[in-house]
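User: Please take a close look at the empty space in this model. Which residues and elements surround it, and what kinds of residue are they?

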Amino acid sequence: MSYGTGTLVADESTLAERVASGVVGLNVLSVILGVAAVFKWTEVDSEFFGVTLFNVYGASLVLAGAGVVALGLASRADLVDTAPDRSAGLLTGGLFGLVGVVAGGLFASQTLGLGAVGWVPAALLVGVGVAAATVLPREDVGSTLPAGGLSVLVGALLLLDVITPAWEWAPQGFSATFTGPVAGPVLTIFAGLVSAWAAAKAYEGFGTRGRQAGAYLLVGMNAFAMLGVLLLLILFVAGKGWSRMVEGIKFGLFTEPAFWFHAPVLDRWVIFEIPGVWFYWPFTMNGYSLSQDVMNGVLPSIVGTVWLVIGAVLFAVPLGVGAAVFLTEYAEQGGFTRVVEIATNGLWSTPSIVYGLFGYAFLVPRLGNTTSLLAGQLVLGFMLLPLVLITSREAIMTVPDEYRDASAALGVSQWETIKSVVVPAAMPGVITGVILGVGRIAGETAPILLVATGNLRATGGPQVLSSFQFTSSPPFVANPALLDSISALPYKLYATITAGVVSSDPAFGWATALVLLVVVLSFYAIGIASRIYFRRKLEQ
């Protein structure tokens, strides 16, 4: 008889797991549909097999909510094998109580028309009631009933056409107006996440494993959401600027003289030719042009942005890594290092416009009293320096002391140990900091607007490498290109979008934004490849 009872419990548990997984899948689908509507990938008045999108939202939420409630009640009645705690916890109760306060307050103030004297107690009463219904019962009931009830409530509002695509709500005392195309998907996303969390806890039988499963679900969906936002950003900008960016691209084959060869049999010189491919991309290979026959491009801005980043990296990385080595390996850990740590954290969080004002007031007067590439490189280098110092220190501190002790046991000096052991081991972490910093400085507009940019109608980029020349006076080397104003992609994008300085065509601005995005992602790719290289070299 006991064997049969055990089999029954196992079968019921398997059924509960299937229901829980089905509820999680249904909620994830609801969240995806809600996100698609928020970002207008689908129209809110579209239909699926003759059913409106809002009714799909409502039906999925009602089914998911009912499933969550059933799972909680089945666990409470010991129909399935679970291990719930005595309570869902104060944190869970507080969060559900907050939802109750907001819902109760809005209903009392906006629907019933109560004043502050009436709706505040009503909101608190509802919030306390929901919190008590969450905290006082056992965990299986306290986690599922509020979550399932919220899902059923939102689903009912959508199914009963209380909230429709044509719905609008202008709350009293607020200047905002909430519309159905926004409120419906947002409520669906929120209720779907809460219901999915409760179903994930039920799938693992509540308790510690259930809380872990719920947390993993929310963290995983958050990670996918971040990737989705990045993908959305790229696709949105690409959709706006792709056609303009690739307009006029041409390529083909040609033969190019390789070398001359004297053929005695023919008694003459002949040309050996090799096949080649020519490529022309107007938007990235042209500068500004007054001719109607030549397409405007952003080549000067691309070259200027690249040189700004290269100069900032060459300035900040050696100083940052050197300072990190000194503070970690040589300086005594005490008040001085704590002050430096606080200062670097403060500098990294300083707004970029402050760096720009510093460069405008201090660097520009000392570098010819005009905007210049060198001033922009130094300002961006100052912005990059704190992050390089912070991440380099952290990376060096993670190098095991056994490496240092083993090197010292072999009679190697401290400097040789740092140079040959510590810094190479910390290099992947250092490069990670540089990647993060470059991603910030490459897109900065305010600092370079004040200290670096000049002619937006430039036809060519700065010729930095070919402008070096020797002089008869110190420092015996000069480079006029470093002291000239430049054009950079962030500022050109700003000028194009806001004032139409370069082009009155909005597509030109979107194409410029797409090029800037590609340039920044290219820097990321170079940094990631470098980090992988040093990590593999370290593992050899």
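Analyst: The pockets come first, then the cavity and a helix pair beside it. The model is predicted, so local features need pLDDT of at least 70 and side-chain atom pairs pLDDT 80 or more, while totals for chains, interfaces and linings use all residues. Residues are numbered from 1 along each chain as its sequence is written, and side-chain values use heavy atoms, without hydrogens and water.

The largest pocket holds about 1,200 Å³ of space. (On a 1 Å grid over the protein atoms alone, a pocket is an open set of points with protein on both sides within 12 Å along at least five of seven lines; a cavity is a set where a 1.4 Å probe fits but cannot get out; lining residues have an atom within 4 Å of a point.) Volume is the space filled by probe spheres set on the points, which are joined across faces, edges and corners. Of the 30 lining residues, V102, A103, L106, L157 and L187 are the closest to the centre of this pocket. Two or more residues each come from α3 (90-111), α4 (116-135), α5 (139-159), β4 (178-179) and α6 (180-203); these are DSSP runs numbered from the N terminus, helices being H or I of at least four residues and strands E of at least two. Helix α3 gives the most, 10 residues. The lining has 26 nonpolar, four polar and no charged residues, where Ala, Val, Leu, Ile, Met, Phe, Trp, Tyr, Cys and Pro count as nonpolar, Asp, Glu, Lys and Arg as charged, and the others, Gly among them, as polar.

The second largest pocket holds about 440 Å³. V31, V35, M221, F224 and A225 lie nearest its centre, out of 16 lining residues. Elements giving two or more residues are α1 (2-38), α6 and α7 (207-245), with the largest share, eight residues, from α7. Here 14 residues are nonpolar, two polar and none charged.

One cavity of 30 Å³ or more is found in the whole structure, with a volume of about 40 Å³. T305, L308, V309, L380, I441, A442, E444, I448 and P490 line this cavity. Helix α9 (residues 299-330) contributes the most, three residues, and the lining comprises seven nonpolar, one polar and one charged residues.

Helices α12 (residues 373-397) and α14 (residues 414-441) pack at about 145°, axes 8 Å apart; axes are lines fitted to C-alpha atoms over the stretch in contact, and angles run from 0 to 180 degrees between N-to-C directions. Their contact (heavy atoms within 4.5 Å) includes L380 of α12 and I441 of α14, and both residues also line the cavity. The contact residues divide into 14 nonpolar, five polar and one charged.
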